Amino acid sequence: MTLFSQILQFLFTGLTIGSIYSMVGLGFNIIYNATTVLNLAQGEFVMFGGLIMVFLTAVLKLPLFIGFPLTVIAVTAIGALFERFAIHPLRNASLLTLIIVTIAASILFRGIAMFIWGKDPYSLPPFTPGAPVMIGGAVIMLQTFWVLGTTLAIVVLMTLFFGKTIVGKAMSACSFNPMAASLMGIHVRKMILTSFALSAGLGAVAGIVITPISLMDYDRGPMLAVKGFCAAVLGGLGVGYGAVLGGFIIGILESLTAGLVHSGFKDAVALVILLFILCFKPSGIFGSEEVSKVKKF
Amino acid sequence: MGKENIRTLFILTICLGIFPFFIRGDYYLSIMIFIGINAITVMGLSLLMGYAGQISLGHAAFLGIGAYCSGVLPVKFGFSIFTAFLCGLFLSAIMAMAIAIPTLKLKGHYLAVATLGFGEIIYIIFNELLEITGGPSGLSGIPSIHFFGYSFKGGVRYFYLVWAIAILLLIFSLNVIHSRIGRALRAVHGSEIAAEAMGVNVSQFKIQVFVLSALYASVAGSLYAHFITFISPPTFGLFVSILLLMMVVIGGGVSIWGALLGAGILTILPEYLRAFKDFDILIYGIILMAILLFMPEGILKGLTVIVKWIKKK
Amino acid sequence: MDKEKIVTPPILETSRLRKTFGGLMVIVDLSFTVMSGQIKAIIGPNGAGKTTLFNIITGILPPTKGTIQFKGKEINGEKPHCIAQKGISRTFQTVELFGNMTVLENVMLGRHIRTKMGLIQSGLRLPGVRSEERFISETAKEKLDLVGLMQKANEPASGLPLGEQKLLEVARALATDPQLILLDEPAAGLNETEILRMAEIIRKIRDRGITVLLVEHHMDLIMGISDEIVVLNYGLKIAEGTPEEVKKDQKVIDAYLGVEIEYA
């Protein structure tokens, strides 16, 4: 394989895994914007997405197009329940306590997953069967296109949601000034619940599309959460499209590091980027100094 | 320091002093040694969280730095135990400053985020530097502690060593809390803006407390290395960092005694959970959530509330 | 023979001070002086920029333009703890007590910048620590006595009623041994008796040689104790002078909704 096609290969791999980081990062931003809480259980939504889909298709033998929405609904419900039972009761506690609760929740979710599915990784068949495609000498699996396509669709949907729909605009309003939003008749509690549900749903989608490529096991959550978080901070915490760009950047750099330098260091890439950003531009690529001063975090 | 604290300290010291005479077997002694080692780390974390109001999501990294310095330097480079220990302290302090100085100037919880990144990077370094650290297979043959010809290898001796150090550090910590510095720290926790207006250099304090907490962890790490004489990276990873955090939180973030209680509980709990092979993480998660939701001020406060309630009846 | 008039420089002087937030200019080319030993008040309708002014003087916010001089030296751009060190202390409009400490401990914190025992010395409880603690405690008690809160010294600060919380903040600010104290709406939320008590204490502060700069809405209090008043409106100074002069100033009357300033 020529260097060019190697790099192309890494690029595609990077974009693929980067998509997942993007979606996790988006989920982070949505919850952060509504509550200034960092949901460190975000990765578990991805994990549940993959594993529940496996259960529905492999055990209950449901077809893909039924399993997909059912899984997303199930994980969305998990997100909503999480908000109701763990976040809402502690709404007056300090931000630190809330972040710690999300950590505890991540442990709990992992425990549940381990109990149900054990420690083995599970796989899903690719959405469209078939041989990989050759592009410029690089070998691209068909599922990759599903991942990229889904990510694009999500980005478009989210942009429309937050920009055009009443609910979406209401959520944006809440993030800047919950008091004013409340006075305008926006039900802040519902917005917070929606933000968790929405983030969970996004995570589920990510989990479903990536499992055919990289499998899924009970312990995948924390790493995804950390990297998705790095993506969000890189792009600018709270800025939706920032997380998307951030995710792709991290995914590509990770892939290039693994391929060209040393695979052991690939997990460090996201973290080094994080520390770098915190030192030089903590508000991220698209974040602004003013906004990051106003927001609590 | 306050009569209450002196009394509790006294009782604790007596209990610890006679403990080895009341138990049979090295197993319980080992548990207590682990509790002591965790207690040291957790004391430092308690100062950071309860007073400076910051969380560290990567504190196991400092444990690891202490442990690997105390392990690698004597084993691979022939350093003396004491020099290696000091190197661990020094390296931990430098790393702590490297993270804290840029992040603590920012408003908000950027330190938490930076420690998460730092912890993971250190873990990866431990794993990848095969020639030095032994990588995933770990490092063995770490010498046990000896000075003046007296060797600290056996269970009972190590028990007294660890707890002597723990008690000394506890006294130091309590002294700090009840001093001008402790007041400044509590002020920072109470109202940063007022503390700053009254002349407290808030950023500097936060940095100092973070470095101090890193030093405590380094001490604990060194003690761990010389006890088990074998160390490997997973012991210093994210899971342990979270565990340490939980010890402080469930004990009741603001009190150092609470942190010790938390250390005790969360050191013993995994041992009991070992029996439930498939359920262990689940039960662990349930217990943590339950404590956070029903006793948000920690077990120590929760217990005192229960005790008061019983007294009323 | 004529006695030579010794011209003392003002203790605080702002020069063409300006502060913009985004597109909004909150303080517009503000210049005024405060003489040592005065009680000077800043008044103006809400939104006139008064608390912002305090935040700039104490270093919480940087000015967009202009300078502030304290005892002849520039302090704009300095950090709050440095400014406190130099001798300016303050209270807050929304009380910022250390709720996690007792009343006495709150005041003792005020002594922080005037004492020096460090981390190691405190941890090892070296001899100097004990005597320094005693000194801190005594000075703090003296300030508590001044505001009349001695009997509540060991109670949690968060348990005090609002009036006493405000007094506690004053005691704490005094403990830093300031030369200039900024009081941000010390009478807000207080009843008549408490306001009289506060006025009394402000006079006592001035009698000790500490300069007082206060922001206030309560006209009786302002007219009763101020030596001079600065009137702000939309960030602009519209008047400066003695209470008598300001009371009669047409621009001031207009700014306050066209009603001549009446007070009982």
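**A walk through a predicted three-chain model**

Let's start with a single residue: with 20 C-beta neighbours inside 10 Å, C:Glu185 counts as buried, because 20 or more is what it takes to be called that. C:Glu185 sits in the loop that runs from β7 (180–184) to α7 of chain C. Its backbone is worth a look too, since phi of C:Glu185 is near 50°, a positive value in a residue other than glycine. Keep in mind throughout that this is a predicted model.

A residue in chain A makes a nice counterpart. A:Lys61 also has a positive phi, of about 55°, and is not a glycine. Is A:Lys61 buried or exposed? With 8 C-beta neighbours inside 10 Å, A:Lys61 counts as exposed. You'll find A:Lys61 in the loop between α2 (42–59) and α3 (64–87) of chain A.

Back to chain C, and to how it is divided. The domain assignment gives domain 1 (1–87 + 180–264) and domain 2 (96–177). Taken over C-alpha atoms, the centres of domain 1 and domain 2 of chain C are 27 Å apart. Where the two touch, domain 1 of chain C puts in 10 residues and domain 2 of chain C puts in 10 residues. On the domain 1 side of that contact, α2 (80–86) and α7 (192–207) of chain C each supply at least two residues. Of these, α7(C) gives the most, with 4 residues. By class, the domain 1 side that touches domain 2 of chain C divides into 6 nonpolar, 2 polar and 2 charged residues.

Now for the strands of chain C. Four of them make an open sheet in the order β2-β1-β4-β5, with antiparallel pairing. At the edges stand β2 and β5 (73–74) of chain C, each with a single partner strand, so one side of each is left without a neighbour in the sheet. Go through the sheet pair by pair. Strand β1 (residues 12–21) and strand β2 (residues 24–34) of chain C run antiparallel and are joined by 7 bridges; here C:Lys19 stands opposite C:Ile27 in β2(C). The hairpin of β1(C) and β2(C) has 2 residues between the strands, and C:Gly22 there takes a positive phi near 60°. Next, 5 bridges link β1(C) to strand β4 (residues 65–70) of chain C, again antiparallel, and C:Arg18 faces C:Lys65 in β4(C). Finally, β4(C) and β5(C) run antiparallel with 2 bridges between them, and C:Gln69 has C:Glu74 in β5(C) as its bridge partner. If you're following side chains along these strands, remember that in a regular strand they alternate between the two faces of the sheet.

Which helix of chain C is largely enclosed by the rest of the structure? That is α3 (residues 103–110) of chain C: 8 of the 8 residues are buried, so the helix is largely enclosed. The buried residues of α3(C) include C:Val103, C:Leu104 and C:Met108, and also C:Glu105 and C:Asn106. What covers them includes α5 (127–147) and α6 (162–174) of chain C, together with α8 (180–190) of chain B.

That brings us across to the contact between chains B and C, which takes 22 residues from chain B and 30 residues from chain C. On the chain B side, α7 (155–177), α8 and α9 (192–197) each supply at least two residues. The helix α8(B), already met as part of the cover over α3(C), gives the most to this side, with 8 residues. The side of chain B that touches chain C has 10 nonpolar, 8 polar and 4 charged residues.

Chain B also meets chain A. Of the 2 pairs of chains in contact, chains A and B share the most contacts, and their contact takes 34 residues from chain B and 36 residues from chain A. On the chain B side, α4 (81–104), α5 (110–128), α11 (238–252) and α13 (280–294) each supply at least two residues, and α5(B) has the largest share, 11 residues. This side has 24 nonpolar, 6 polar and 4 charged residues. As for chains A and C, no contact joins them, and their closest C-alpha atoms lie 9 Å apart.

How confident is the prediction for chain B? Its average pLDDT is 86, and 97% of the residues score at least 70. Among its elements, strand β3 (residues 150–152) of chain B has the lowest mean pLDDT (72), and helix α10 (residues 202–228) of chain B has the highest (93).

Definitions and conventions:
Residues are numbered from 1 along each chain as its sequence is written. Chains are lettered from A and ligands numbered from 1 in the order in which they are written. This is a predicted model: local features need pLDDT of at least 70, side-chain atom pairs count only at pLDDT 80 or more; totals for chains, interfaces and linings use all residues. Two residues are in contact if their C-beta atoms, placed from the backbone, lie within 7 Å. Ala, Val, Leu, Ile, Met, Phe, Trp, Tyr, Cys and Pro count as nonpolar, Asp, Glu, Lys and Arg as charged, and the others, Gly among them, as polar. Two strands pair if DSSP finds at least two bridges between them. A residue is buried if 20 or more other C-beta atoms lie within 10 Å of its own, exposed if 12 or fewer, and partly exposed in between; C-beta atoms are placed from the backbone. Domain bounds come from an automatic or database domain assignment. pLDDT is the predictor's confidence in each residue, from 0 to 100.
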